[in-house]
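User: I am new to this structure and would like a close look at one part of it. Could you pick a spot in the interior, follow it outwards, and explain the terms as you go?

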Amino acid sequence: MLAIFQAAGWPIWLLLIASIVALALIIERLLYLRRPRILPRKLFDEVVQVYRSGKITPDTIAKLEANSPLGVVLAAALRNVDAPREVMKESIEEAGSGVAHTLERFLTTLGTIATLAPLMGLFGTVIGMIEIFASPGATASNSALSHGISVALYNTAFGLAIAMPALIFYRHFRALVDSFVIDMEQQAVKFVDLVHTGRQ
């Protein structure tokens, strides 16, 4: 592997750094963006029980916020449970936008790497071509040609090898975040309807 990196020239080290960053971000997002962690299955029912029992305290709301991203949204609803429907929905939307921002953390960086990696590979290809045409004299032409071509091909291949999985995971995480946000919105609206239907 080290021999490949040496043959590929210095541009490949930029791609290596990009691949390490992309791998770290993918692992972190895989661990964080798990449905049981974001949307605990029984949390909605527990919040409804707390509401119906009338035991809504600052401590209860703080624990709910620390529970999960869904807990943050439902805590905003509980905090404004005595407010009009519009105020309650507005507080939920504000909490939801903050949660969505947290869920999308690092996705911009991953998307940038997916877009930038082929360009970095192309940059390595250009460096390889420059080395070919900048080689002095006919005696060094064969070795310079083979070295330049290896730099070009290694960088192109490595750039594509980074970009493809990075793009796949970026799209996957975007879709996952969107589905989580929709689920949270649906549960929050369901809770608002439950609260205000009970008042009528």
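Analyst: Ile-38 is in contact with Tyr-32, Leu-33, Ser-68, Pro-69, Leu-70, Leu-103, Phe-180 and Met-184, once neighbours within four places in sequence are left aside. Contact here means heavy atoms within 4.5 Å. Before going on, please keep in mind that this is a predicted model, where local features need pLDDT of at least 70 and side-chain atom pairs count only at pLDDT 80 or more, while totals for chains, interfaces and linings use all residues. Residues are numbered from 1 along each chain as its sequence is written, and side-chain values use heavy atoms, with hydrogens and water left out.

Ile-38 also belongs to a wider picture. The largest nonpolar core has 46 residues, and Ile-38 is among those with the most contacts inside it, together with Leu-33, Met-88, Leu-103, Met-184 and Phe-191. A nonpolar core is a set of buried Ala, Val, Leu, Ile, Met, Phe, Trp, Tyr and Cys residues joined through side-chain atoms within 4.5 Å. Buried means under 20% relative accessible area, exposed means over 50%, and partly exposed lies in between (1.4 Å probe, protein chains only).

Which elements give two or more residues to this core? They are helices H2 (11-32), H4 (43-53), H5 (58-67), H6 (69-79), H7 (85-103), H8 (107-133) and H9 (141-199). H9 gives the largest share, twelve residues. Helices (H or I, at least four residues) and strands (E, at least two) are DSSP runs, numbered from the N terminus.

Two of the contacts of Ile-38, Pro-69 and Leu-70, are buried residues of H6. This helix is mostly covered, with nine of its eleven residues buried; Val-73 and Leu-74 are also among them.

Now for Phe-191, another residue with many core contacts. The structure holds three aromatic pairs. In one of them, Phe-44 and Phe-191 have ring centres 6.5 Å apart and planes at 85°, so the pair is edge-to-face. This pair joins distant parts of the chain, with Phe-44 in H4 and Phe-191 in H9, 147 residues apart. Rings of Phe, Tyr and Trp (its six-membered ring) pair if their centres lie within 6.5 Å; planes under 30 degrees apart count as stacked, over 60 as edge-to-face and the rest as tilted.

Are these two rings buried or exposed? Phe-44 is buried at a relative accessible area of 8%, and Phe-191 is buried at 0%. Tyr-51 and Phe-191 form an edge-to-face pair too, 5.8 Å centre to centre with 80° between the planes. Tyr-51 lies in H4, 140 residues from Phe-191 in H9. Tyr-51 is partly exposed, with a relative accessible area of 22%. Together, Phe-44, Tyr-51 and Phe-191 form one aromatic cluster.

Finally, Met-184, a contact of Ile-38, helps to line the largest pocket, as do Val-73, Ile-92 and Val-192, among others. A pocket is found on a 1 Å grid over the protein atoms alone, as an open set of points where a 1.4 Å probe fits, with protein on both sides within 12 Å along at least five of seven lines; lining residues have an atom within 4 Å of a point. H9 supplies the largest share of this lining, six residues.
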